[in-house]
Amino acid sequence: MTLRLALPSKGRLMEKTFEWFAERGVRLERTGSERQYAARAEGIEGLQPVLMSASEIPRELAAGRVHLGVTGSDLVREQIPDWERKVEALVPMGFGHADLVIAVPEFWVDVDTLDDLDAVAAAFRARHGHRLRIATKYHRLVREFLRAHGVADYRLVDSQGATEGTVRHGTAEAIADITSTGETLRANHLKVLSDGTVHRSQATLFRSRMAAWDEAASAEYRALCERLGIDP
Ligand SMILES: Nc1ncnc2c1ncn2[C@@H]1O[C@H](COP(=O)(O)OP(=O)(O)OP(=O)(O)O)[C@@H](O)[C@H]1O
Ligand SMILES: O=P(O)(O)OC[C@H]1O[C@H](OP(=O)(O)OP(=O)(O)O)[C@H](O)[C@@H]1O
């Protein structure tokens with residue numbers, strides 16, 4: 001087994017990933033108990049699936065400890081500085097869709113765009129003596145996005161979950177988080193800025209540029225690409 005393929009270890013992301021490979025003739029199968037996170041692949045010689053948390057897969061790809069990995073494109077961009085030097089996005093897989101967005105309270109009726117947010121942020125600082133707080137776990141992506149759009153007068157506060165609740169709880173004025181159905185935003189009376197989409201994420205098959213691409217791994221990779229219909 002030389003070609004290591006990291007796969008999400010649970011939930012819909014795992015199920016959809018297994019389906020995606022099965023539709024292309026690569027049958028992935030869990031082995032052992034559900035909690036052993038072991039798997040094997042049928043149909044491709046030398047392919048070793050490795051089950052792990054989707055949020056740990058970018059790190060493994062960047063370190064070259066796996067050759068290939070399936071995870072959200074948001075997580076790779078957030079976690080790997082200058083990600084395209086370390087990994088290559090081979091194919092968007094068509095599931096796991098989620099948008100990373102900037103959202104503000106619905107009752108901010110005059111705030112619909114990033115320019116409006118910038119104006120509010122400046123006024124907020126003048127009035128309160130501290131900067132407007134945006135809660136998120138996507139620090140890198142949000143900082144880059146706001147810098148590119150000229151919004152500067154804010155402070156990020158870290159939120160690793162239940163981010164939409166921070167506004168209600170008074171620990172932030174705005175948030176940046178992923179949304180899929182929009183239900184969580186609505187339930188918390190938040191609205192997305194019209195130009196506030198930072199990234200449209202989906203599950204993607206990535207190739208590590210850092211892994212050991214010896215002859216055996218390269219040959220197995222080419223065989224896998226042929227099976228999956230990907231240009232290697
Ligand atoms: N509605 C959603 N809620 C959360 N994540 C979603 C949603 N839709 C798509 N995703 C994507 O799923 C990925 C995160 O998956 P998941 O939460 O299973 O990973 P994880 O944080 O590693 O899980 P855990 O650490 O609990 O094992 C991200 O790329 C995210 O964009
Ligand atoms: O637009 P929606 O369909 O409502 O989905 C978006 C929500 O789903 C995710 O949370 P998750 O349940 O993964 O928990 P988290 O708060 O720990 O991130 C995300 O952080 C949003 O809160």
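This passage describes the fold, the two sheets, the nonpolar cores and the ligand surroundings of a predicted protein model.

Because the model is predicted, local features are given at pLDDT of at least 70 and side-chain atom pairs at pLDDT 80 or more, whereas totals for chains, interfaces and linings use all residues. Residues are numbered from 1 along each chain as its sequence is written, and chains are lettered from A and ligands numbered from 1 in the order in which they are written.

The protein chain has nine helices and twelve strands; these are DSSP runs numbered from the N terminus, helices being H or I of at least four residues and strands E of at least two. Its C-alpha atoms fill a box of roughly 65 × 35 × 25 Å along the principal axes. Of the 232 residues, 34% are buried, a class that asks for 20 or more other C-beta atoms within 10 Å of the residue's own, with exposed meaning 12 or fewer, partly exposed lying in between, and C-beta atoms placed from the backbone. When contacts between residues at least 6 apart in sequence are considered, 68% join residues at least 24 apart; a contact here requires C-beta atoms, placed from the backbone, within 7 Å.

One open sheet contains five strands in the order 4-1-5-12-6, with mixed pairing; two strands pair if DSSP finds at least two bridges between them. Strand 4 (47-52) and strand 6 (87-92) each have a single partner strand, so one side of each is left without a neighbour in the sheet. On average, neighbouring strands are turned by 30 degrees against each other, direction ignored. Strand 1 pairs with strand 4 in the parallel sense over six bridges, and L5 has P49 in strand 4 as its bridge partner. Two helices lie across strand 1: helix 1, which also crosses strand 5 and strand 12, runs at about 135 degrees to strand 1, while helix 9, which also crosses strand 4, runs at about 50 degrees to strand 1. These angles run from 0 to 180 degrees between N-to-C directions, with axes fitted to C-alpha atoms, for helices over the stretch in contact.

Another open sheet of five strands has the order 9-8-10-7-11, and its pairing is also mixed. Its edges are strand 9 (154-158) and strand 11 (190-201), each of which pairs on one side only. The twist from one strand to the next averages 25 degrees. Strand 8 (residues 132-136) runs parallel to strand 9, to which it is joined by five bridges, and D158 in strand 9 is the bridge partner of T136. Helix 5 (residues 114-128) lies across strand 7 (98-105), strand 8, strand 9 and strand 11, at about 115 degrees to strand 11.

In soluble globular proteins, nonpolar side chains tend to be buried together. The largest nonpolar core here has 27 residues, of which L5, L47, L61, V66, V87 and F206 touch the most other members; such a core is a set of buried Ala, Val, Leu, Ile, Met, Phe, Trp, Tyr and Cys residues joined through C-beta atoms within 7 Å. Strand 1 gives the most to this core, with four residues. Beyond its neighbours within four places in sequence, V66 is in contact with R4, L5, A6, V50, E60, L61, S208 and A211. A second, separate core of 26 residues includes V111, V120, I134 and L190.

Turning to the ligands, 14 residues surround ligand 1, and S53, A54, S55, G72 and A98 come nearest; a residue belongs to such a shell if its C-beta atom, placed from the backbone, lies within 6 Å of the molecule. Helix 1 and helix 3 each supply at least two residues of this shell, which comprises six nonpolar, seven polar and one charged residues. For these classes, Ala, Val, Leu, Ile, Met, Phe, Trp, Tyr, Cys and Pro count as nonpolar, Asp, Glu, Lys and Arg as charged, and the others, Gly among them, as polar.

The shell around ligand 2 has two nonpolar, seven polar and three charged residues, including T163, D177 and T179. Strand 10 provides its largest share, three residues. T163 is found in the loop between strand 9 and helix 7 (165-168), and counts as buried because it has 24 C-beta neighbours inside 10 Å. Not counting residues up to four places away in sequence, T163 touches A135, T136, K137, I175 and D177.
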